[in-house]
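Biologist: I am new to this structure and would like a close look at a single part of it. Please take one buried spot, describe what lies around it, and set it within the whole.

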Amino acid sequence: MRTITKRLALIAMIPATLLGMVLLAAAPAQAAPTSVVNLQNGINTLINQQRAAHGCKPLTVDAHLLTAARAHSAFMATTGKFSHTGRGSSTFDYRIKTAGYSKPSAENIAYGYRSAAEVVSGWMNSPGHRTNILNCQSTRVGVGAVYAANGTPYYTQDFGY
């Protein structure tokens, strides 16, 4: 009981604005701020425009893929590690399946881009990422954008069949 009281007393001493930042960084599963949702939606819109221009049907946003993508972006933003290998040496297909989606297709990652247009342009100019985007067999997508404490955005785009 004394330990809980001490912890609550310590939390009470943290300024409210700092506590808000700590909670935002520590709880990636929480709802994303409107600006981040708009960024993610903008990426999806631009990706579907690219797919349409190349004869593919649009991708549908899937909540499970969104969860996997946001969690991996949060991992990269928190650790500063830019990699398809995630927490506990996880692979993209493991993370997607763990999030509840049974047919993973591919994953794109990026960091540092400041707009939806910039990140999509970066992916479209990278042969591997472009291939993932223009894989007409993929039908679902989840895009997660998470900002590191220093303001750098990290992106994950998870695809499913």
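Modeller: Buried residues make up 39% of the 161 residues in the protein. Keep in mind that this is a predicted model. The part I will look at is Ser73, but the overall layout comes before it.

The protein has seven helices and four strands. Read from the N terminus, these elements follow the order α-α-α-β-α-α-β-α-α-β-β. Among contacts in the protein with a separation of 6 or more, 69% are between residues 24 or more positions apart. The accessible surface comes to about 9,100 Å², and carbon and sulfur atoms account for 60% of that surface.

Now to Ser73 itself, which is found in helix H4, residues 63–79. Its relative accessible area is 0%, so Ser73 counts as buried, the cut-off being under 20%. What does Ser73 touch, not counting residues up to four places away in sequence? The list is Gly144, Ala145, Val146, Tyr154, Tyr155 and Thr156.

Several of these names come back elsewhere. Strand S4 covers residues 153–160 and runs antiparallel to strand S2, with seven bridges joining the two. Thr156, one of the residues touched by Ser73, is the bridge partner in S4 of Ile109. S2, residues 104–111, is mostly covered, with seven of its eight residues buried. As a general point, side chains in a regular strand alternate between the two faces of the sheet.

Tyr155, also touched by Ser73, belongs to the largest nonpolar core. That core has 20 residues, and Tyr155 is among those that touch the most other members, together with Ile43, Ile47, Val119, Trp123 and Ile133. Two or more residues of this core come from each of helix H3 (34–53), S2, helix H6 (116–124), strand S3 (140–147) and S4. H6 provides the largest share, five residues. Taking Ile47 as one example, and leaving aside its neighbours within four places in sequence, its contacts are Leu59, Val120, Trp123, Ile133 and Gln157.

Apart from the largest core lies another, of eight residues, including Ala77, Val146, Ala148 and Tyr154. Val146 and Tyr154 are also on the contact list of Ser73. To sum up the close look, Ser73 touches Tyr155, a member of the largest core, as well as Val146 and Tyr154, which belong to the other core.

Key. Residues are numbered from 1 along each chain as its sequence is written. This is a predicted model: local features need pLDDT of at least 70, side-chain atom pairs count only at pLDDT 80 or more; totals for chains, interfaces and linings use all residues. Side-chain values use heavy atoms; hydrogens and water are left out. Buried means under 20% relative accessible area, exposed over 50%, partly exposed in between (1.4 Å probe, protein chains only). Two strands pair if DSSP finds at least two bridges between them. Contact means heavy atoms within 4.5 Å. Accessible areas come from the Shrake-Rupley method with a 1.4 Å probe; for residues, only the protein chains shown count as cover. A nonpolar core is a set of buried Ala, Val, Leu, Ile, Met, Phe, Trp, Tyr and Cys residues joined through side-chain atoms within 4.5 Å.
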